[in-house]
Structures are given as structure tokens and as C-alpha cells.
Amino acid sequence: MFDQQQNQALTQELENTRIKSRSKGDIELSYLEGFDVIETANRIFGYGNWSYNISTLEQVSQESNQNQNIVLCYKAIVAIKVCDAQHTQHISREDVGFGTGIAKTLSDAHESAAKEAVTDALKRAMRSFGNQFGNSLYDKSRQHQNSQQPQPSNKVNAIPQDYSKLSNLGLSVMQQGQNLIVMGDDIFAKKDTIKACGFKWDGRSKHWCKPLEQQAA
């Protein structure tokens, strides 16, 4: 169904610069961001040759954490449809995703959880098309390293400012050169909180950044 150029693109190795990572307990998880998966689908399949549909979106749990934040979990099932250039053939894929929303208000928690669940389901459905959509990240025998991935500073007081609002959303703040950057999954769904902490989106590095001198001030 795919042409030669598309097949070549799909079989290429995943670029390390696209891989992000975050910690979950004692485990380091590698993943692709939602916007990256969508951009890759547009590049390989064409803007009008693929689509997705949310067949299920439902809340599965609600509780409160130690900071008295509302914690919601959502489940989403997303179906992907990819067509050839003539729209005479198509391939369908479907998968399930989960998302967690942590916020002081119920509406914000619903919004974050729902968006994260849909993004997770979309990424899981797209990974069936191979390495360009992160399928190789599930292969534990393969080593993936992001040469541009920032490492946490060894200095205890390198990041003294309280970023508990970000950590409550599952995000982390790391030092990269003379900047602080925000790391985590489904990061654009949490942009309002990130901006409220003084971070700005840097299109070149594709990170939410904040100069260290700004923090010191």
C-alpha cells in the first residue's frame, strides 16, 4: 500500500534526538512526545492521508493525593486510519491509552487526564507502524540514548526554587547549560502551569526553558 519512499522512511532507525526520557520510581522510561508522532505521520503519510477517531473516553478512577490535589485517571481507545495517496486502500489500527490528571480543581484534572489518555492511545496505535513511531522503544534488548538529553545536576542546591506544582503533574525540572528545562510526558497539555512557573517555549531546542539567572532573581 505504501510507496517506496514511505517504506524507506518507515524502516529507518529512530533518531536519538527525538527520544525523551522521564523517571518513574526507579525506572527510566523512554518515549516520543505526542506532537512528534503527529508531525512524523504528516511527514510520512501526508496531511490528508491519515486520521484518528476516539472511540472510547471514560474516567476510571478519582482520588486525592497527599497535597490535597484531585487525581483522575482516564482511559481512551483511539483508532487510526492510514490511506494510500489515491485513497483506494487503507490500514486501520486501534489501541488503548491511559492518562492521569492532577490539579486543585476538578475541571483541570479532567482536562489533563482526558488529553493525556488520548495522546497515549494515539501513540500506542501509531507504534504498530514501526520504529519511526517509537515501536523500538519497547524492545528492552536495544539501547537508546539521547545525546542531547539533559542530565540532572549533581549540585544539591542547583535548582532551589519550589516547582512542586510541576512535580504534582508528573513533570521534572532539570538543568541544561545555563537554562532550566521542564521534562515529562504530554507536556503541552500542562503548558498553563509551566508558563505560570516562568518557563517559555523554545522552538529551536523544543523545550520549555527558563534562564538560571532569571531563577536567581
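These are my notes on one helix, two nonpolar cores, a small set of paired strands and three loop residues.

**Entry 1: the model**

I am working from a predicted model, so I read its local features only where the pLDDT is at least 70.

**Entry 2: helix α2**

I began with α2, which runs over residues 34-45 and so holds twelve residues. From its first C-alpha to its last I find a reach of 16 Å, close to the 16 Å expected at 1.5 Å a residue. I then looked up which of its residues are buried, and the list consists of Gly34, Asp36, Val37, Thr40, Ala41, Asn42, Ile44 and Phe45. What do these buried residues pack against? Their partners are two helices, α1 (4-11) and α3 (106-126), together with two strands, β3 (50-64) and β4 (70-83). Just after the helix comes Gly46, and its phi is positive, near 100°.

**Entry 3: Phe45 and the cores**

Phe45, one of the buried residues of α2, deserved a closer look. Leaving aside residues up to four places away in sequence, I find that Phe45 touches Phe2, Gln6, Leu10, Trp50, Val82, Met126, Phe129 and Phe133. Several of these names returned when I turned to the largest nonpolar core, which has 31 residues and in which Phe45, Trp50, Ile80, Met126, Phe129 and Phe133 have the most contacts. I asked which elements give two or more residues to this core, and they are α1, α2, β4 and α3. The largest share, nine residues, comes from α3. Apart from this core lies another, of 15 residues, and I noted Val173, Val182, Ile194 and Leu212 among them.

**Entry 4: the four-stranded sheet**

Next I traced an open sheet of four strands, whose order is β6-β7-β9-β8 and whose pairing is antiparallel. Which strands stand at the edges? They are β6 (172-176) and β8 (200-202), and because each has a single partner strand, one side of each is left without a neighbour in the sheet. Neighbouring strands here are turned by 45° against each other on average, with direction ignored. For the edge strand β8 I followed the pairing with β9 (residues 207-211), which is antiparallel and extends over three bridges. Within this part of the sheet, Lys200 stands opposite Cys209 in β9.

**Entry 5: Thr105**

I moved on to Thr105, which is found in the loop between β5 (90-103) and α3. Is Thr105 buried or partly exposed? Its relative accessible area is 35%, and since partly exposed covers values between the 20% and 50% limits, Thr105 is placed in that class. The side chain of Thr105 is joined to that of Asp108 by a polar contact of 3.0 Å. I also checked Thr105 against Ile70: the two are 35 residues apart in sequence, yet their C-alpha atoms are 6.8 Å apart in space.

**Entry 6: positive phi outside glycine**

Finally I looked up two residues with positive phi that are not glycine, beginning with Gln68, where the angle is about 65°. Gln68 is found in the loop between β3 and β4, and with a relative accessible area of 61% Gln68 is exposed. The second is His87, a residue other than glycine with a positive phi near 60°. His87 is found in the loop between β4 and β5, and at 45% relative accessibility His87 counts as partly exposed.

How values were computed
Residues numbered from 1 in each chain as written. Predicted model: local features only at pLDDT ≥ 70, side-chain atom pairs only at ≥ 80, totals over all residues. Heavy atoms only, no water. Expected span 1.5 Å × (residues − 1). Buried < 20%, exposed > 50% of the residue type's maximum accessible area, 1.4 Å probe, protein only. Contact = heavy atoms within 4.5 Å. Pairing = 2+ DSSP bridges. Axes fitted to C-alpha atoms, helices over the stretch in contact; angles between N-to-C directions. Core = buried A, V, L, I, M, F, W, Y, C linked by side-chain atoms within 4.5 Å. Polar contact = N/O pair within 3.5 Å; in protein donor to acceptor, adjacent residues only side chain to side chain.
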